[in-house]
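Let's take a short walk through this model together. Keep your viewer open and your selection tool ready.

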Amino acid sequence: MPEDGQKLISPTSGGFLSRSRTIAPPTWSRWLVPPAALSVHLSIGQAYSWSVFKPPLEKALDLSGTQSALPFQLGIVMLGLSAAFGGPLVERNGPRWAMFVSMVCFASGFLISALGVATSQYWLVVLGYGFVGGIGLGIGYISPVSTLMKWFPDRPGMATGIAIMGFGGGALIASPWSTQMLGSFGATTGGIAEAFLIHGVVYAVFMTLGVLLVRVPADGWLPKGFNPAKAATKALVTTANVSARNAIRTPQFWFLWVVLCFNVTAGIGILEKAAPMIQDFFAHTATPISVSAAAGFVALLSLANMTGRIVWSSTSDLIGRKNMYRVYLGVGAVLYLIISLWGDSHTVVFILCALGILSFYGGGFATVPAYLKDLFGTFQVGAIHGRLLTAWSVAGVLGPLIVNAIADSQEAAGKTGPDLYTTSLYIMIGLLVIGFLSNELIRPVKDKFHEPALATVGGTDAVATPQGGS
Amino acid sequence: MTEQTETSSRTPLMILAWLWVGLPFAYGVYELLLKLSQLFSG
């Protein structure tokens, strides 16, 4: 029984979607690969603007808030599951296959939802957007990761930062676009169904660019002037490869799981309650925050989240992944401490600290694939990344749960203003400190977990990956 | 065909690909900046 993703595929076999048909000619520019990745990530990032559809659905189909949130929640669960379990398939079949599957699932999800709304069968919306579309989210999220790192071994942080920034940017595009569409068609069953239909068709066309454009470098390809042996002299960077099955047996994987989980929890803690939090902090001051100003604050946080993904991830190429996470977790904890001690002293202090935390939240997402590549090599890094994303699923529950539950209990105890959040802020500091210590414990992976080197390529120290690695 | 000519023949594809993703992204950022202005006017 071969290891996950190790099934050998003949380079000449397979149809248009096969890996062998995506091997780039020698003159292919690697700068054509980021737009392919972005066409997928900018699309699936739409998931974070689902809230736009909630009020119209509740009105048209007489749903509760909990019911209208179901498609999104199931979609995020399916994202985690399909990324975790679909990773080996993505590695085996290549990025074009993965992008195609993502496109079909994500677009079909909208089309099934359109049918569900048109026939007032809400379960079809949950099944379509949540289950089918959610598979598209997970497969799409990991589809370009290992390919980008093979094209940019000299700048893996920047490369994956571009794609994962796209996931943040997807909601920025979809939110105003969907709102305008619902405004034009009307928030009736017919109008919502029409909007879903158009979303499905447009996203299918938009994602097709990625399917057509994505290429994998030929085995042994390296960018000009890049020496993998020299790069491997940096701390924690390996030229060896670890399979996805072996990776989860290493302590490094689980330390990094804790790092990602707690970094995301801390970010979501602010993101989830940003608008009410800033209003509560300054409710009893000379400069109270209006509802519209709070909405502007949320927009500013989105910008910080998105910018952090590309800026910090690129910075990690220069200072190293471990140092970058020391900043995310260590400086993040200090910023949380400043908010809890002096956050209500001035709006500028509160806003700057929140911006820092959110930029680290985005940076944490974007830097983790490169950290995995440093530790485990590029062989099955997409599949390993998929399994690590279960940390995101846990954090997605943990962060809002901590902040909301504590704020509700403090409110019930008669507290107001910043006091509603003090306890949860200290919990976030504690989680960040645990994450910081977990990052400190990360050491190079032991040789016993490494895959045997199949061949050396072109006289370099690069390790050839079997056919099927994306 | 030389390598340089083949690479330059991909320039239109490069422009098209980046515009394909860049234009919607720019629209999203523009809408975000409009909303952001509420922080200072609100």
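**Stop one: a patch on the surface**

Select A:L111, A:L197, A:V201 and A:V205 and show their side chains: together they make up a nonpolar patch on the surface, with about 330 Å² of accessible area. Bear in mind as you look that this is a predicted model.

Which helix gives the patch its largest share? Colour helix α8 of chain A, residues 189-213, and you have it: three residues of the patch come from there. Click on A:V201 to see one residue placed in helix α8 of chain A.

**Stop two: where the chains meet**

Now select chain B together with whatever it touches in chain A. You should pick up 23 residues of chain B in contact with 34 residues of chain A. Between them, the two chains bury about 2600 Å², and 78% of that area lies on carbon and sulfur atoms.

How many residue pairs are in polar contact between chain B and chain A? The count is four, with both residues at pLDDT 80 or more. If you search for salt bridges across this interface, the rule finds zero.

**Stop three: chain B's side**

Next, hide chain A and keep the residues of chain B that touch it. Two elements of chain B each give two or more residues to this side: α1 (3-9) and α2 (11-41). Highlight α2(B), which gives the most, with 18 residues.

To finish, colour this side of chain B by residue class: you will find 14 nonpolar, four polar and five charged residues.

Note on methods:
Residues are numbered from 1 along each chain as its sequence is written. Chains are lettered from A and ligands numbered from 1 in the order in which they are written. This is a predicted model: local features need pLDDT of at least 70, side-chain atom pairs count only at pLDDT 80 or more; totals for chains, interfaces and linings use all residues. Side-chain values use heavy atoms; hydrogens and water are left out. Contact means heavy atoms within 4.5 Å. Buried area is the accessible area (1.4 Å probe) that two parts lose on being put together, summed over both. A salt bridge is a side-chain nitrogen of Lys or Arg within 4 Å of a carboxyl oxygen of Asp or Glu. A polar contact is a pair of N or O atoms within 3.5 Å; within protein, one must be able to donate a hydrogen and the other to accept it, and residues adjacent in sequence count only if both atoms are side-chain atoms. Helices (H or I, at least four residues) and strands (E, at least two) are DSSP runs, numbered from the N terminus. Ala, Val, Leu, Ile, Met, Phe, Trp, Tyr, Cys and Pro count as nonpolar, Asp, Glu, Lys and Arg as charged, and the others, Gly among them, as polar. Patches are made of residues with over 30% relative accessible area and no salt bridge: like charges are joined within 9 Å, nonpolar side chains (Val, Leu, Ile, Met, Phe, Trp, Tyr) within 5 Å. Accessible areas come from the Shrake-Rupley method with a 1.4 Å probe; for residues, only the protein chains shown count as cover.
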